[in-house]
Amino acid sequence: MRRLFRGGRIVDLAAGHGLLAQLMLILDDTSPCALAVDAVVPLSATTLHQALVERWPRLAGRVTFLASPMDVIEIVPGDIVVSIHACGGLTDVVLQLATVARARVAVLPCCHDVDACDAGALSGWMDDSLAIDVMRARRLAGQGYRIWTQRIPQDITPKDRLLIGAPADGFQTDLGHVALHDDRRSERT
Ligand SMILES: C[S@@+](CC[C@H](N)C(=O)[O-])C[C@H]1O[C@@H](n2cnc3c(N)ncnc32)[C@H](O)[C@@H]1O
């Protein structure tokens, strides 16, 4: 994902310990800061953060943990919104918050809930969870996003479908305006 998206604030929603937010900064230092939001920030988030700062001192002062419901978070167009395992319909809230702001987004959904999420009447052809993620991907594309669908290794998590999106008309970051044709070129290299 960092090969596609550089710069911009990282906003990790349903962040838990905020590990993803911090990995995003470790993997690519072009993002100035990260915001890790969870309804309940675990006490051990501080312990984990301190351990990471010991190993990567450049993380110090760049990660904010916020105990808050995600739907009140203000997202701006330059942000990169990420969320791992936002359960059930929470992944749809993440996608909605990102798309309303025209921010870049990446989600790895889990706990697919056919009652809370849209399976698009596709469940006769594929399992419910795949149908829900297909609908998410097509909805994102229908909102004027270029999408990337990938899978991560199953030994990391069996909930392995990664959906990435960026406004198809480009986006503004602290590194300047990025047009998607540049991304396509960098994907090939
Ligand atoms: C399965 S955990 C994933 C945590 C983390 N992303 C990870 O992969 O380890 C889901 C998280 O969503 C949080 N959560 C649930 N509802 C939320 C909401 N409305 N706003 C923010 N966080 C929420 C929970 O507190 C929980 O930490």
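**Exercise 1. Burial and overall size**

Work out what share of the 189 residues in the protein is buried.

*Solution.* Start with the criterion: a residue is buried if 20 or more other C-beta atoms lie within 10 Å of its own, exposed if 12 or fewer, and partly exposed in between, with C-beta atoms placed from the backbone. By that count, buried residues make up 38% of the 189 residues. A word on the model: it is predicted, so local features need pLDDT of at least 70 and side-chain atom pairs count only at pLDDT 80 or more, while totals for chains, interfaces and linings use all residues. Residues are numbered from 1 along each chain as its sequence is written.

Next, turn to size. The radius of gyration is taken over C-alpha atoms, and the globule rule is 2.2 Å times the number of residues to the power 0.38. For 189 residues a compact globule would come near 16 Å, and the protein has 16 Å, which agrees. Its C-alpha atoms fill a box of roughly 50 × 40 × 35 Å along the principal axes.

**Exercise 2. Elements and a crossover**

List the secondary structure, then find how β2 and β3 are joined.

*Solution.* Helices (H or I, at least four residues) and strands (E, at least two) are DSSP runs, numbered from the N terminus. The protein has five helices and nine strands.

Now look at β2 (34-38) and β3 (residues 63-67). Strands pair if DSSP finds at least two bridges between them; here five bridges join the two, which run parallel. Leu35 stands opposite Thr64 in β3.

Finally, add helix α2 (residues 44-55): β2, α2 and β3 make a right-handed β-α-β unit. Right-handed says that, with the strands pointing away from the viewer, the path from the first strand over the helix to the second runs clockwise.

**Exercise 3. The ligand shell**

Describe the residues that surround the ligand.

*Solution.* A residue is near a molecule if its C-beta atom, placed from the backbone, lies within 6 Å of it. There are 14 such residues around the ligand, and the closest are Ala14, Gly16, Ala39, Met70 and Ile84.

Then sort by element: β2 and β4 (80-87) each supply at least two shell residues, and β4 gives the most, with four.

**Exercise 4. Asp128**

Place Asp128 and decide whether this residue is buried, partly exposed or exposed.

*Solution.* Asp128 is found in helix α4 (residues 128-142). Asp128 counts as partly exposed because 15 C-beta neighbours lie inside 10 Å. As for distance, Asp128 and Tyr145 are 17 residues apart in sequence and 24 Å apart in space, C-alpha to C-alpha.
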